[in-house]
Amino acid sequence: MKKQDSPHSKDLTVITTHANADFDAVASMLAAHKLYPGSVVAFPGFNEKSAKNFFVNSMAYLFNMIDIKKIDKENVKKLIIVDTKQASRIGNLAALIGRPGVEIHIFDHHPASENDIKADFEVNSTTGANVTLLTEIIQKNSIDISPEEATIMCLGLYEDTGSFTFSSTTQRDFSAAAFLLSKGADLPTISNLITKEMDPRQINLLNNMINLAAYHRINGLDIIITSVSCDEYIHDLAFLVQKMMKIENVNAIFGIALMKNKIYIAARSRSPEIDAGAVLTKLGGGGHSFAAAATIKDQTLAQTENRLVEILQKQIKSINHAIDIMSSPAITADYTITCREARELLSRYNINAILVVNKKGKKNNLIGFITRQVIEKALYHSLGDIPIKEYMSSEFAIVGPHAEIVEIQEKIIENKQRVLPVVENDQIIGVITRTNLLNILVHEAQDKKDYLLNEQQGFSRPRTKKITGFMKERLSKRMLEILHHIGKIAEQSGYSSYVVGGFVRDLFLYRHNEDLDIVIEGDGIEFAKKFAKLYGARINAYSKFGTAIIIFPDGFKIDVASARMEYYQAPAALPTVEMSSIKLDLFRRDFTINTLAITLNPSSFGHLIDFFGAQRDIKEKAIRILHNLSFVEDPTRVFRAIRFEQRFGFTIGKLTSGLIENAVKMNFFKRLSGRRVFSEFCHILKEDNPTPALIRLNEYDLLKVVDPSIILNEKLIFHFNSARKVIAWYDLLFTEESYMKWAVYFLVLLRHTNEAESEKICKRLEMAPKLEKIFIKERMSAESCLNRLHRNLPTKNSELYKSLKDLRMELILYIMSITTNKTLIKAISSYVTDLKNIKLSVSGRDIQACGLSPSPVYGKILSKVLDAKLNGNIKTHEDELQFLKKYVAKF
């Protein structure tokens, strides 16, 4: 073992960390001590009289600790800094920075900033705890550590990851903890020290912090700055700020405490727009975006607070400009339309006010707006045929795209405008409603438990976050490459591009899904043509809907749609489609969980957009519709609600469930075509286990929508479950023969019907003739075959083969599902696995070679050879030839 250096030794290696070291910093110093044998450990300031001090002091024999004041700086050759890169945070040892002959080594997990120390050697990576970085090096180099050392290092890991609950925790932190536990880390000790109980001084300080809290709204975000002072040092200010963060519903809290002659700041942020580390770096501190700290000398509380507010105002980008909260495109009406026509527009788009324009060529000149209230009064007074220009409000305010919330608020409230047009270069680019404004001012969207949209132009500001790292973890290299190329080509065309819907939903549900749905804010078909050219793919375009399918040479497909909005002219009607933006495109979708989008353009690649609380509903495992008339407009959404509920193990929300019951009660399904009902029901039958969905359909009295004759009872459920087992068995055979899995379940549903009843059901559901044939004639033949086998099970394989050979696989699996005769099931399964695949190697040519002229007898001869092979009498090609020759000789 290398001899420990003394403070006056030459070639001294010193390990240090930031002032007011936490467990992670202490753990990192110990780990660095293991990496640099013979080094000394110096704390720049560790004056907490807490369990931390007691623990470190009791384990002091593990460190070669020295008083920082006794270090002869002339002898220092290496300075090892852990858990910080800021010179202002390492006390007197900062004097060694830049000194000739002194190597600087840094191990830090904080993000880079302007004032970072320039190191000769640096390990910097994003992990939840800094000690994780050093633990990985110790593990890689097989450096031995004792159980006590493992406990200290693991303690730091647990503290800085919040016992692995903080969002900053990474997979590497878990791996490091696993390694330390394998080295004997003592979890009970860690638990005792990590469980923080406030002492009376801390309780008093927290009470003062709450009482002295000042609320600031800076660029649309709510921030608390609380300033307190006390005569003595009270440890764990960051812990108290974290406690306060759990109490207050704000975006960030900055706690400023004057203790003795120093000012300490601890910050916590839950908003990506407020980077706590970047803010406190300006004050000489640092940290992560969500947690940071700083220590300040020679400043008063007032000076520090004023400086902090100045930094926040510069650092935080406004999230409440008009362009950020407006709805686009704005719904407009030509001034010549009648009041009656205007009411139809308001109802179609579910809005309460509409902008009035004078259309001149391609340009819409804004001349006013009109509200639903005015329209209704006009109709009440029999003025439905009068043009809206006669009653519109022609005095109105407008704002530019970069107007801030104060200006927006003044113009909407002072002018009593229901809608505020957003105009740029004399063009209407969007509209802000009173609902938009209220959502911002009172956080309606954040606090509302059952999020619903009552105004189509009343969207709340979307929740966004960058998820590129998550995408790299979850998606294949090819998929990421395709998404990047989609964004680049869209941007070159002047469009915005998004991947949306089930692909994004399943990303967060950790389900494999490579069905790409791309939405283009622009001409989706034009984009598809350009993209297909890049990959040598072909496209199928549908100009009526503005959609296209890109088909790659290997068969991979991408669905592309122009951002569109749908409205329904009558309940259960097919939608009418118009061009729109991503907001309105997502609003037309069925459930909130399917409304997530990820931006793909290079400038914003990987930003998740959530307008309608999809992340919340995924977390709560809830299926919720977007607006109250969703099932009125499209009753087939009821089937999808049940399908998604059962597939994901979610629960249909209370309001959504009530609206399903209302749709059944009002019988909105009567206008649905049989083809649409059949399509949705087939999707349910294609699920891995459709039985729970069938039971759920029955609970809502929805099986009658498929057909009134379907009665769910224990026998039907039993056969459905049997069908699932049979299908699972067949799928495990990995045969190359394709079959319609859903058809097996549908055959089970029809078992109770005769031929005439089956035909009636098939006609009602508008089935294709091919399917009708399977479910009627062929099903009857299969059931007759099953009855014969029940009465007389063949003893010879050849007879069993002849009984089953004309049945398609769906029918064979069907009869296996509805019989309980185990001997018969075994016989049929042997046909599927063995007999069905037996083929002859001889042919008509071999018969002809025996001197027999071609004739219908050839088929009879080959049938006899096959019978012999099926029954095991012959096996090889030679056996077949010999049998063939003997049999031909009889003719």
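In what order do the five strands of the open sheet lie, and with which pairing?

**View 1. The open sheet is made of five strands with parallel pairing.** The structure shown here and in the views below is a predicted model. The strands follow the order S2-S1-S3-S4-S5. Strand S2 (40-41) and strand S5 (121-124) occupy the edges; each has a single partner strand, so one side of each lacks a neighbour in the sheet. Strand S4 (residues 103-108) runs parallel to S5, and four bridges join the two. Within this pair, His-105 is positioned opposite Phe-121 of S5.

**View 2. Strands S20 and S21 form a hairpin.** Strand S20 (residues 538-542) and strand S21 (residues 547-551) run antiparallel and are joined by five bridges. Tyr-542 faces Thr-547, which belongs to S21. Four residues lie between the two strands, and Gly-546 in the turn has a positive phi of about 70°.

**View 3. Glu-344 and Arg-348 form a salt bridge within helix H12.** By the rule applied to this model, the count of salt bridges comes to 35. Side chains of opposite charge can pair when their charged atoms come close. The side chains of Glu-344 and Arg-348 meet at 3.4 Å, N to O. Both residues belong to helix H12 (residues 339-349), where they are four residues apart, about one turn of the helix. Glu-344 is partly exposed, its relative accessible area being 48%. Arg-348 is likewise partly exposed, with a value of 23%.

**View 4. Glu-680 and Arg-643 form a salt bridge between two helices.** The closest N and O atoms of Glu-680 and Arg-643 are 3.8 Å apart. Glu-680 is located in helix H26 (residues 674-685) and Arg-643 in helix H24 (residues 637-648), so this salt bridge ties together parts that are 37 residues apart in sequence. Glu-680 and Arg-643 are both buried. The two residues also belong to a network of salt bridges that links Asp-590, Asp-634, Arg-640, Arg-643, Arg-676 and Glu-680.

**View 5. Arg-696 and Glu-645 are joined by a salt bridge.** In this pair, the closest N and O atoms are 2.7 Å apart. Arg-696 lies in helix H27 (residues 691-699) and Glu-645 in helix H24; the pair thus links distant parts of the chain, 51 residues apart. Arg-696 and Glu-645 are both buried.

**View 6. Four lysines gather in a patch of positive charge on the surface.** The patch consists of Lys-796, Lys-860, Lys-864 and Lys-890. Among them, Lys-864 is placed in helix H37 (residues 857-870). Is Lys-864 buried, exposed or partly exposed? Lys-864 counts as partly exposed because its relative accessibility is 35%, a value that falls between the limits of 20% and 50%.

**View 7. The peptide bond from Ser-328 to Pro-329 is cis.** The omega angle of this bond is near 0°. Pro-329 sits in the loop between helix H11 (322-325) and strand S12 (332-334).

**View 8. Ser-163 is a residue other than glycine with a positive phi.** The phi angle of Ser-163 is near 55°. Ser-163 is found in the loop that connects helix H4 (147-160) with helix H5 (171-182). With a relative accessibility of 33%, Ser-163 counts as partly exposed.

**View 9. Phe-734 also has a positive phi in a residue other than glycine.** For Phe-734, phi is near 50°. The loop between helix H29 (714-731) and helix H30 (741-749) contains this phenylalanine. Phe-734 is exposed, since its relative accessible area is 67%.

**View 10. Lys-363 belongs to strand S14.** The strand comprises residues 363-371. Lys-363 is partly exposed, and its relative accessible area is 33%. How far apart in space are Lys-363 and Gly-555? Their C-alpha atoms are 43 Å apart, and the two residues are 192 residues apart in sequence.

Terms used. Residues numbered from 1 in each chain as written. Predicted model: local features only at pLDDT ≥ 70, side-chain atom pairs only at ≥ 80, totals over all residues. Heavy atoms only, no water. Patch = residues over 30% accessible without salt bridge, like charges linked within 9 Å, V, L, I, M, F, W, Y side chains within 5 Å. Areas by Shrake-Rupley, 256 points an atom, 1.4 Å probe, with all protein chains shown as cover. Lys, Arg positive; Asp, Glu negative; His and termini not counted. Charge placed at Lys NZ, Arg CZ, Asp CG, Glu CD. Buried < 20%, exposed > 50% of the residue type's maximum accessible area, 1.4 Å probe, protein only. Pairing = 2+ DSSP bridges.
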